[in-house]
Amino acid sequence: MFQQLPMYQRVGADAFKKDLSNSVNLSEFLGNPHKNFKSVHVAGTNGKGSTSHMLASILQEAGYKVGLYTSPHLLDFRERIKINGKEIPENEVIQFIAENKAYLEAQKLSFFEMTVGLAFSYFSKEKVDMAVIEVGLGGRLDSTNIIKPILSIITNIGLDHTNMLGNTLAEIASEKAGIIKPDTPVIIGEFQEETYPVFQKIAEINSAEISLASKTDIQLKTDLKGDYQKKNTRTAYVAAQFLQSNGFKISSESIKQGLRSVIANTGLQGRWQQINSNPKVICDTAHNKEGLTYVLNQLKKESYKELHIVLGFVNDKKLEDVLALFPKNATYYFCKPNIPRGLDERILFQEASNFNLKGNVYSSVKKAYQVALSQANDTDLIFIGGSTFVVADVLAL
C-alpha cells in the first residue's frame with residue numbers, strides 16, 4: 001500500500017485527485033458498503049480530528065458500536081480505522097488487499113482512496129451503529145465525500161494546503177463546504193466573518209439546516225489538554241445534542257463521560273500530549289498558522305526556566321506565516337521529519353534565522369530530541385512540533 005501507490009502523507013500534492021470517480025467506482029466494486037451504516041462527516045482546517053474523536057467517545061459511552069475513520073496516522077497505519085477505539089486487525093487489512101489487489105492496481109488507486117474503501121468495507125462488515133468519518137483533505141473532492149451522512153460538521157477554516165484548496169479563507173471554505181449534502185443538517189464549529197456567508201449560501205442551496213456551535217454557551221471538561229479544545233468540545237456537544245434529537249439515546253452523563261475519556265476510549269495521541277516529566281516534554285501536531293497560534297499561546301502559560309523547541313515541517317508550508325509565531329527566547333533543534341516531503345533541516349535553519357530563532361540542525365528528529373533531552377535541566381520545558389510527522393517520529397522512540 002505504501003510503496004506502490006501515491007500517498008499524500010508521503011508525497012503531497014501529487015497524490016491529490018481532482019474528482020471522485022475513483023472512489024465512486026471502487027465503492028460500487030465493493031458493493032457500496034458506505035450505504036450500510038449511518039455516518040457523521042467532519043471537515044475543517046483545525047480541530048476535525050479532536051472533534052471526531054470526542055464524538056466517537058460520546059457515542060461509545062452511550063453504548064453504541066462506533067466506527068472512526070481519521071488521518072493521518074502517527075505510528076501505525078491501522079490507527080486510521082477503529083471500532084470502539086480498537087484498531088482494525090492486521091488480518092482484515094491483508095485480506096482486503098489480497099481480495100481486491102488486481103482491481104486496486106488496475107485502477108491505479110491512490111493510497112487514500114484505497115484506505116477509504118477498506119474503512120467503509122470494514123465498518124459495513126462489522127455492522128457499526130455509527131461511523132464518524134473525518135475528511136482527509138478539503139471536502140468537495142475528498143475520497144470520503146461519497147457518503148450520505150445524517151450530519152455534517154465543519155470545525156473552522158484556516159489557510160492550509162493553499163496550493164490545492166485556494167488562497168483565501170472563502171475559497172477554502174467553499175471546498176470544505178462540499179461536504180454539505182441536500183437536506184442534511186450542518187454544524188459550523190467556529191464563526192468567521194469571511195467564511196460563514198459561504199456556508200450559509202451552500203447550505204441554503206442544499207436546503208441544509210445550519211447551526212453555529214459557538215453560540216452554545218456551555219463549559220464541559222475533556223481529558224484532551226490545551227485551551228484550544230474548548231471550541232472542539234462545544235462542537236462535539238452540539239453534534240451529540242443533534243443525535244439525541246434524532247433517535248440516538250445519549251444521556252447527559254454519556255456526553256460528560258465521553259468528553260472526559262477521549263484518550264481512553266479512542267486512543268487519540270499528539271494533542272498537547274505530555275510524554276516526559278523531568279524535564280517536562282510536550283508534543284502537539286498543530287502544523288498551520290491557526291493551529292500553531294493556539295498551541296504557542298498555550299505554551300506561554302507554562303512555567304519553566306529555559307525553553308527548548310524541537311522543530312520540523314513538511315516542504316509545502318509557507319514558513320514565513322508560521323515561523324513568525326515562535327518565541328525568540330528559546331533554543332531550537334531544527335530537524336527533518338522522516339518522510340519524503342519533509343523540509344530539509346538546513347533550509348529550515350536558514351529561514352528561521354530571518355526570524356531570530358536560534359539553534360542547530362540535526363539529521364533526524366530522533367537526534368534532535370536526544371540532544372534536547374541531554375541539554376535540558378529538570379526545570380526546563382521541551383516542546384516538539386511543527387508537523388504531525390515530527391511528533392510521530394518522537395512517539396515512535
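Colleague: In this predicted model, which residue of strand 5 is the bridge partner of Leu68?

Modeller: Strand 2 covers residues 66–69, and strand 5 covers residues 130–134. These two strands run parallel and are joined by four bridges. Within strand 5, Leu68 has as its bridge partner Val132.

Colleague: Which residue in strand 3 is the bridge partner of Tyr69?

Modeller: Strand 2 is also joined to strand 3, residues 81–83, by three bridges. Here the two strands run antiparallel. The partner of Tyr69 in strand 3 is Ile81.

Colleague: Are the residues of strand 2 buried or exposed?

Modeller: Val66 and Leu68 point one way from the strand. Gly67 and Tyr69 point the other way. On either side, the residues of strand 2 are all buried.

Colleague: Which are the edge strands of the open sheet with the order 9-10-14-11-12-13?

Modeller: Six strands form this sheet, and their pairing is mixed. An edge strand here pairs on one side only. That applies to strand 9 (273–276) and strand 13 (358–361).

Colleague: What does the twist average from one strand to the next?

Modeller: The sheet in question is the open one of six strands. From each strand to the next, its twist averages 25°.

Colleague: Which residue in strand 14 stands opposite Val310?

Modeller: Strand 11 (residues 307–311) pairs with strand 14 (residues 381–385) in the parallel sense, over five bridges. Opposite Val310, in strand 14, stands Ile384.

Colleague: What angle does the direction of helix 16 make with that of strand 14?

Modeller: Helix 16, residues 388–395, packs on the sheet. It touches strand 9, strand 10 (280–283), strand 11 and strand 14. With the direction of strand 14, the direction of helix 16 makes about 120°.

Conventions
Residues numbered from 1 in each chain as written. Predicted model: local features only at pLDDT ≥ 70, side-chain atom pairs only at ≥ 80, totals over all residues. Heavy atoms only, no water. Buried < 20%, exposed > 50% of the residue type's maximum accessible area, 1.4 Å probe, protein only. Pairing = 2+ DSSP bridges. Axes fitted to C-alpha atoms, helices over the stretch in contact; angles between N-to-C directions. Contact = heavy atoms within 4.5 Å.
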